[in-house]
Amino acid sequence: MNIEGAIFDLDGTLLDSMGAWDTVACDYLISCGATPKPDLKDKIKIMTIRQAGEYFKSEYGIDSTPEKMREGIGRIMGKFYSETVEAKPRVGEFLSLLKSKGVKMCICSATESELIKIALKRCGLLEFFSGVFSCADVGKGKDFPDVYNLGLSHLGTEISRTYVFEDALYAMQTAKTAGFQTVGVYDSSEPYQQELKDISDYYIKDYGSAIELFK
């Protein structure tokens, strides 16, 4: 396998954290006195935190600026990332394998950069990544390839030898269309597992299988 660079998503890919993201929006709206609608999770799935804040203001009439809402959501997730979050099993072992092969690695996530670093530090993974990039850095979600292209530019690797690791189908579709090699990562939060498997160049159920695949 000819791999020079690896771009990792964070939540649901390296970390077992999607459950927290599934509830944080509801928790925040309830704290503001609003009643979350049943379709909330689907509506904000591809949004950055700032975009979600703008949506809360327009859809729920939250009397706050998007920036203040971003800070409120960030506080909730910051506590989770600093005190509770765990990496998926054998992630550290897999990253060590890639590092031993000289693979350059970075993070590209919809999560804010500051929160990414808090989570990686707690899980002992920060040392593996030379860069941490958020969709907020480019002003677009993962329905656009901009954040992946930013990561690629940072790594300085050939796109045909750079692998994107993702658990979300919509994000994988973006990376695939952009020309990256792709590795689909199983997470129970993604309901379209077969579609994710079909579109990915490689697909892993866990990092034990990833170690076998890449060694």
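How much space lies in the second largest pocket? About 150 Å³, in what is a predicted model.

**View 1. Here's the second largest pocket and the residues around it.** Lys88, Pro89 and Arg90 help line this pocket, and so do Tyr186, Asp187 and Ser188. Lys205, Asp206, Tyr207 and Gly208 are on the list too, along with Asp16. Sort the lining by type and you get six charged residues, three nonpolar and two polar.

**View 2. Now for the largest pocket, with about 700 Å³ of space.** Its lining takes in 34 residues, and Met18, Trp21, Ile44, Lys45 and Met47 are the ones closest to the centre. Helix H1 gives the most to this lining, six residues in total. Helices H2 (40-44), H3 (49-60) and H9 (169-178), like H1, each chip in at least two. By type, the lining of the largest pocket has 19 nonpolar residues, eleven charged and four polar.

**View 3. This one zooms in on the largest nonpolar core, a set of 53 residues.** Phe8, Phe56, Tyr81, Phe94 and Phe129 touch the most other members. Helix H1 (residues 18-31) is the top contributor here, with six residues. A separate core of 14 residues lies apart from this one, and its members include Cys106, Leu152, Val164 and Ala171.

**View 4. Finally, a look at Phe56 and what it touches.** Leaving aside residues up to four places away in sequence, Phe56 is in contact with Ala25, Tyr28 and Leu29. Leu40, Ile44, Gly61, Ile62, Met69 and Ile73 also touch Phe56. As a rule of thumb, nonpolar side chains tend to be buried together in soluble globular proteins.

Methods
Residues numbered from 1 in each chain as written. Predicted model: local features only at pLDDT ≥ 70, side-chain atom pairs only at ≥ 80, totals over all residues. Heavy atoms only, no water. Core = buried A, V, L, I, M, F, W, Y, C linked by side-chain atoms within 4.5 Å. Buried < 20%, exposed > 50% of the residue type's maximum accessible area, 1.4 Å probe, protein only. Helix = DSSP H or I, 4+ residues; strand = E, 2+ residues; numbered from the N terminus. Contact = heavy atoms within 4.5 Å. 1 Å grid on protein atoms, 1.4 Å probe; cavity = no way out; pocket = protein on both sides within 12 Å on 5 of 7 lines; lining within 4 Å. Points joined across faces, edges and corners; volume = space filled by probe spheres on them. Nonpolar A, V, L, I, M, F, W, Y, C, P; charged D, E, K, R; others polar.
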